[in-house]
Amino acid sequence: MLIKKIEYEQYEKTNRYWKLKEFTLDQINLIVGKNATGKTRTINVLAHLANMIAGDQKLEYKSGNYKLEFSDAK
C-alpha cells in the first residue's frame, strides 16, 4: 500500500501554523524548491507518519492533523 496524497497542518491558530497542501506522491518522488520553503519539514512529516504506521514511533505532534489517501502498490 502506498500513500497517494497527504495533507498535514500543525499549530493551527498560532503564529507557528504550517500546512502541507494536498501533496501527491508516486513510487519515486523528487522534492525540489527554494530555501526555507518546507522541503525538510515535508520529509520529516512523511518519515514520522511512516514510523507511526510501522509501529516504531508514537504520536509526537499532538497539534497536527493528517489527511491521507492510499492506493494499492501494484
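A search of the whole structure, which is a predicted model, finds 2 salt bridges. In one of them, glutamate 69 is joined to lysine 4, and the closest N and O atoms are 3.7 Å apart. This pair links distant parts of the chain, since glutamate 69 belongs to strand S3 and lysine 4 to strand S1, with their positions 65 residues apart. Glutamate 69 is partly exposed, at a relative accessible area of 33%. Lysine 4 is also partly exposed, with a value of 36%.

The other salt bridge is formed by the side chains of glutamate 22 and lysine 5, with an N to O distance of 3.3 Å. Glutamate 22 lies in strand S2 and lysine 5 in strand S1, so this contact ties together parts that are 17 residues apart in sequence. The relative accessible area of glutamate 22 is 46%, which means that the residue counts as partly exposed, as values from 20% to 50% fall between buried and exposed. Lysine 5 is likewise partly exposed, with a relative accessible area of 25%.

The strands that carry these residues make up an open sheet. Its 3 strands follow the order S2-S1-S3, and their pairing is antiparallel. Strand S2, residues 18–24, and strand S3, residues 65–71, stand at the edges; each has a single partner strand, so one side of each is left without a neighbour in the sheet. On average, neighbouring strands of this sheet are turned by 10° against each other when direction is ignored. In general, the strands of a sheet pair through backbone hydrogen bonds, in either a parallel or an antiparallel manner.

Strand S1 covers residues 2–10 and runs antiparallel to S2, to which 5 bridges join it. Glutamate 9 has lysine 19 in S2 as its bridge partner. Strands S1 and S2 are thus connected both by these bridges and by the salt bridge between lysine 5 and glutamate 22.

Beyond S2, the chain passes through a loop to helix H1, which spans residues 39–54; glycine 33 lies in this loop. Glycine 33 is partly exposed, with a relative accessible area of 43%. The C-alpha atom of glycine 33 is separated by 16 Å from that of lysine 19, a residue 14 positions away along the chain. Lysine 19 is the residue of S2 that has glutamate 9 as its bridge partner.

Notes: Residues numbered from 1 in each chain as written. Predicted model: local features only at pLDDT ≥ 70, side-chain atom pairs only at ≥ 80, totals over all residues. Heavy atoms only, no water. Pairing = 2+ DSSP bridges. Helix = DSSP H or I, 4+ residues; strand = E, 2+ residues; numbered from the N terminus. Axes fitted to C-alpha atoms, helices over the stretch in contact; angles between N-to-C directions. Buried < 20%, exposed > 50% of the residue type's maximum accessible area, 1.4 Å probe, protein only. Salt bridge = Lys/Arg side-chain N within 4 Å of Asp/Glu carboxyl O.
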